[in-house]
Amino acid sequence: MQELTQEEERFGFMTKQRDDLLSARQDLELTIKKIDETARAMFLETLDGIKRGFVQIFQRLFIGGDAQIRLTGSDDPLEAEIEILATPEGKSMKSITLLSGGEKTLTATALLFGIYLVKPAPFCVLDEIDAPLDDANVQRFCAMLRDFSSGTQFLVITHNKRTMEVADRLYGVTMERAGVSKVVSVKFS
Amino acid sequence: MYLSRVELFGFKSFPQKLSLEIGAGITAIVGPNGCGKTNVVDAIRWCLGEQSTKTLRSEKMEDVIFVGTKDEPPLSLAEVSLIFSNEDGQLPVEYREVSVTRRLFRSGESEYLLNNRACRLKDIVDLFLNTGLGADTYSMIEPKMIEMILSEDPDLRRNLFEEAAGVAKYRQQKKAAQRRLEAATEDLLRLQDIVAEVEKRLRSLKRQAGKARVYERFSQELRQLDLAASALERDRLRAEERRLATAIAELQQRRAVAAAAAERQEHELSGSRQALEQNESAIAEIQGGLAALAEDIQQQENRLAVIRERRTGLEGAMAGREAEVKQLLASIGGLEDQSKLLQDELRQASAAAQAQAEELKGAEARAAEADSALTLAKLALSEARKELLESIKRESEGKETLAVLENRRGSLLRDLSRTQAEEAALRADTADRNGQLAALEEKLDAETRALRVLAEERTRLREKAGELQNSLLLANDRIAALTADLSQLEKERELLTGLQQRYEGYQPGVQHVLAARDRIPGGVRPLAELVRCQPGFEDAVETALGDRLQWLVVRDRTAAAAAAALLTGARAGKATVIPRDAAAAPEHDALPQLPGVKGWAEQFVQCEQDDRGLVRMLLAGTVVVERGGDLAAVAAALPGRRLVGLDGSVLEPSGAITAGELPQGQLGLLERGERIERLAGEIDARRAEHGRQAGEIARLKQALAEAASRGGEAEREHERHQRLLHDTEKALAGARAALERNQASLAALETQAGSLRAELAGTESQLRPVQDSYQELSESNRDEDQVLSQRDGELAVQSAERDRMAEAVGRLRLALSQAQGAADRLRQELGGLDARKNETLERIQALRAQDETAYQAIGQLQQESESLALSLEDRTGQRRTIIGQRDELQRQSQASLAALKSAESAMHQTRLDNEAVQSALATAQIDLGSVRNEFENIAQRIRAEYELDLSRSWGRSTSPPCRS
């Protein structure tokens with residue numbers, strides 16, 4: 001009899017627990033849905049901004065042409081793959097992986113600066129980004145760097161003379177003794 | 001907010017402290033490959049909290065500390081500081097400059113500092129939150145990131161975008177929520193299992209509860225019955241128990257009686273036994289004593305023999321020892337003599353050693369004294385030298401200061417003179433430039449004027465060119481009109497000439513003769529071709545000549561006949577042929593002056609002189625009058641004359657009048673010839689005009705070209721002058737700027753010179769005391785140095801003296817140790833002798849002791865042998881007595897044995913009885929035990945089942961007490 005009372009109590013307790021869990025699960029599902037929605041909205045908004053910036057800068061760097069960012073593979077933007085397509089003037093639209101080395105770099109740079117337009121960073125390090133670019137492209141790249149430099153600090157590591165010309169100050173790093181770097185300041189302005 | 005400075009110390013390839021100003025805008029780092037450019041970037045990244053060693057291009061975190069090279073030792077810590085300017089307050093702290101430092105020690109300890117105060121990495125991450133700055137954000141772009149964007153792996157690309165969108169945070173939250181959801185689901189499943197289980201059990205328990213209630217009722221009933229039955233049983237068991245207890249008491253009594261009897265018998269028995277045993281043991285003892293006595297006797301006899309033997313041995317040994325003692329005593333005497341000699345020697349040696357030791361002590365004391373003196377002197381000297389060194393250092397410092405100051409003065413003087421030279425040069429330059437400026441201004445004026453003139457000239461030339469152009473256009477128009485006219489005229493002439501040559505308008509007969517004109521000697525020509533009339537008289541002459549114009553003129557009559565022959569029979573029509581020589585008419589008189597009368601018609605006809613007669617004849621009496629003139633009046637005045645009007649009307653003397661005109665467009669023969677000639681004249685005139693106009697055009701063109709070239713030249717000249725003007729202006733502006741610069745430089749130079757002079761004065765005033773003190777110091781140093789050298793010499797002498805003393809001490813020590821060695825040797829020898837003597841004495845003592853022992857032993861042996869003999873006799877007596885005793889005891893033993901046997905049989909009987917009682921008692925006790933057990937069992941069961949005490953009495957009639 002006593003056992004019966006105990007079990008009845010236990011049953012009541014368990015049932016309550018189960019109900020609690022059920023409502024907790026519902027809450028969690030709701031939360032996940034909300035998170036997904038917010039993330040999706042933010043992602044789409046940012047992607048839109050990046051798209052605009054990317055195309056604008058791409059056309060500037062390539063002097064015309066067209067470029068696109070496309071979501072493929074899934075209807076949910078949070079799960080989809082991001083495909084980058086580029087069409088330099090007079091060529092056919094193709095995936096960025098099929099471009100030449102310099103074009104690739106230029107496209108990627110356009111994308112990065114496109115991101116900068118949406119999410120400006122106060123400080124940016126460019127480590128030998130300009131290496132695969134030809135003179136004309138370097139010149140355009142530098143012009144853009146100049147434009148962006150009003151809002152962003154750039155620390156540029158380069159071997160290119162044109163890029164050096166655009167810099168406000170220049171540091172030379174040498175290694176006179178093995179293993180020990182020496183910095184020489186070459187200030188302009 | 002911007003990064004204003006990066007400071008490195010000991011990071012990777014930067015062992016020395018390094019500060020890089022970054023500042024706003026673009027900062028470029030250049031240099032050959034592998035020089036450590038990217039290390040600067042790594043430093044920034046590291047300081048912002050980069051944890052991945054792979055990103056930092058090292059194997060373990062400690063590798064970022066400078067590892068050392070063959071010239072430089074490795075460092076024990078690396079430190080990087082980033083200094084941010086926070087003027088705009090973008091960082092959520094109050095400082096206007098924020099420094100972030102990361103430090104790593106080789107021991108692996110690491111710390112972060114925010115404005116030089118220790119903090120956690122999280123604080124730094126929080127600080128830069130939402131600024132887009134951080135070790136892993138997209139603010140560091142390297143070729144790797146380009147690769148990432150271009151990567152085939154879409155996740156990497158996604159990361160970049162999600163980072164930009166700030167979605168990563170949500171992704172983590174979502175993951176956490178999903179994990180929690182999974183856990184909740186799992187818990188739920190488990191819980192549902194448990195709930196189902198509990199439910200099942202609850203059902204079965206409910207069923208069981210019903211059964212339990214029925215069971216309880218029955219068990220209550222059962223209990224009543226059970227308790228009643230138990231009470232009955234209890235009463236039965238209690239009676240049994242009482243019965244058994246009485247039986248046991250009886251049996252115990254019986255057993256006690258039997259036991260007392262048995263005990264008594266036992267006691268008796270044991271007394272008999274004891275007596276018997278005593279006898280037996282006494283006998284055994286006596287027997288043992290007998291055996292021992294026999295043995296004893298034997299032993300004592302043996303012992304006696306041994307004692308005798310030993311005594312003989314001892315006496316022999318004593319004799320031997322006596323001889324040895326004598327010999328030893330003799331050797332002791334020898335040893336004592338030797339000892340005495342050695343002791344003398346030792347005393348001498350000791351005395352010598354003593355003396356030497358004292359000497360040594362003295363020498364040592366002296367040496368120590370000299371030593372301490374020397375040390376003191378050295379100390380003093382080194383002190384002095386140190387001071388001198390200090391002083392020299394000061395001197396050299398002074399010298400350096402002096403040199404620096406002199407240098408400074410020299411450089412100041414140089415600077416000053418250079419500055420003055422520069423100033424002078426600048427002044428000269430300024431004057432020069434002023435001159436240049438004036439010249440340039442003049443030049444500018446001149447240029448401006450020249451330019452104005454040139455501009456006017458240019459305008460004029462342009463106007464002229466315009467005019468020329470106009471003229472040229474007009475001339476072109478004219479020439480075009482002329483050309484058109486000309487071609488019109490030529491066409492007409494061609495037509496007319498064609499008509500004339502084909503003799504159109506002549507009668508067929510005439511045409512026939514003319515076609516064959518070659519056959520007529522002297523040729524043939526129609527009259528119309530031979531005459532011409534004055535312009536304006538064509539109609540009149542044509543009318544006056546009339547059909548005669550168709551007449552063919554030949555040379556003479558023969559020719560006329562030939563012509564006529566041609567016609568004859570030709571049926572080609574008629575023609576009139578007239579020989580030129582046939583006609584001869586007188587010249588006309590002068591006509592009276594009449595109004596409207598022009599003159600004789602012949603007068604208005606032009607022809608060859610040869611043909612004049614013919615013409616006169618043909619036109620004889622024909623007068624030309626004005627157009628529309630009063631023919632009648634003229635006719636009246638000139639009777640018999642034929643009157644012809646200028647309009648071609650004719651009044652014959654007969655009064656016949658011919659009037660009218662040819663139809664429109666038709667020309668008379670004469671008119672045609674005239675027309676052709678006129679046309680030729682016009683054409684020529686037009687051609688000449690055309691040529692003239694062409695010449696004019698060429699001229700115009702040339703003029704235009706000339707004007708254009710001059711205009712171009714003027715334009716170029718103008719431009720050149722403009723350029724010149726511009727250059728001059730520029731030069732002027734340059735000169736002015738240079739002048740201003742010069743003035744600024746001059747002012748700066750003057751200030752500089754002033755400050756240089758002030759500094760020079762300061763330097764010189766500094767220089768003097770320094771020089772003085774330096775001189776003083778250097779002299780004193782020289783003196784001091786001399787003194788010190790002298791003291792050095794003294795010290796050397798002292799040192800030599802001390803060395804000498806030390807040497808003497810050494811020598812003394814050596815001698816002393818030798819003397820001591822000799823004394824020691826002697827002492828040793830003496831000791832050896834003493835020892836030998838002692839040994840000998842000891843030996844003698846020992847020998848004597850042995851003798852003593854031997855004497856004693858002999859005495860003892862004597863005594864012993866005597867006592868042995870006595871005891872031997874005694875023992876023999878004892879033996880006899882004991883044998884008697886033994887026999888007596890043996891008899892007693894036999895009697896005791898018989899008594900014992902009868903007692904034993906009685907005892908056996910008693911024991912049997914006793915055993916029977918015992919067994920009955922045991923049975924009763926077992927029964928009692930089992931009854932009690934049974935009772936106890938029932939009681940226990942009742943207690944267990946109903947919690948009642950059975951021992952409390954209640955009968956079958958009484959109801960059991962209720963369970964509480």
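Contact here means heavy atoms within 4.5 Å, and with that in mind helix α1 (residues 37-47) of chain B lies across β1 (2-9), β2, β4, β5 (97-105) and β6 of chain B. The model is a predicted one, and this briefing turns on two topics, namely the sheet of chain B and the aromatic rings. A search of the whole structure finds seven aromatic pairs over all chains, and the strands β2-β1-β4-β5-β6-β7 of chain B, in that order, make up an open sheet with antiparallel pairing.

**The sheet of chain B and its helix**

- The open sheet holds six strands, and at its edges stand β2 (18-21) and β7 (117-119) of chain B, each of which has a single partner strand, so that one side of each is left without a neighbour in the sheet.
- From one strand to the next, the twist of this sheet averages 20 degrees.
- Strand β6 (residues 110-114) of chain B pairs with β7(B) in the antiparallel sense over three bridges, and Tyr112(B) has as its bridge partner Cys119(B), which belongs to β7(B).
- Helix α1 of chain B runs at about 80 degrees to β4(B), one of the strands that the helix lies across.

**Aromatic pairs**

- Among the seven aromatic pairs found over all chains is that of Phe113(A) and Phe148(A), whose ring centres are 4.8 Å apart and whose planes stand at 45 degrees, so the pair is tilted.
- Because Phe113(A) lies in helix α2 (residues 101-118) of chain A and Phe148(A) in helix α3 (residues 135-148) of chain A, this pair ties together parts that are 35 residues apart in sequence.
- Phe113(A) is buried, with a relative accessible area of 1%, and Phe148(A), at 14% relative accessibility, also counts as buried, since the term applies under 20% relative accessible area.
- In chain B, Phe84(B) and Phe128(B) form a tilted aromatic pair, with 5.0 Å from centre to centre and 55 degrees between the planes.
- Phe84(B) lies in strand β4 (residues 77-85) of chain B, whereas Phe128(B) lies in the loop between α2 (121-127) and β8 (140-141) of chain B, so the pair ties together parts that are 44 residues apart in sequence.
- Both partners of this pair, Phe84(B) and Phe128(B), are buried.

**Further ring arrangements**

- In chain A, Phe54(A), Phe58(A) and Phe62(A) are linked into a cluster by ring pairs.
- In chain B, Arg217(B) lies over the face of Phe218(B), at 5.4 Å from the ring centre.

Note on methods. Residues numbered from 1 in each chain as written. Chains lettered and ligands numbered in written order. Predicted model: local features only at pLDDT ≥ 70, side-chain atom pairs only at ≥ 80, totals over all residues. Heavy atoms only, no water. Phe/Tyr/Trp six-rings, centres within 6.5 Å; stacked < 30°, edge-to-face > 60°. Helix = DSSP H or I, 4+ residues; strand = E, 2+ residues; numbered from the N terminus. Buried < 20%, exposed > 50% of the residue type's maximum accessible area, 1.4 Å probe, protein only. Lys NZ or Arg CZ within 6 Å of the ring centre and 35° of its normal. Pairing = 2+ DSSP bridges. Axes fitted to C-alpha atoms, helices over the stretch in contact; angles between N-to-C directions.
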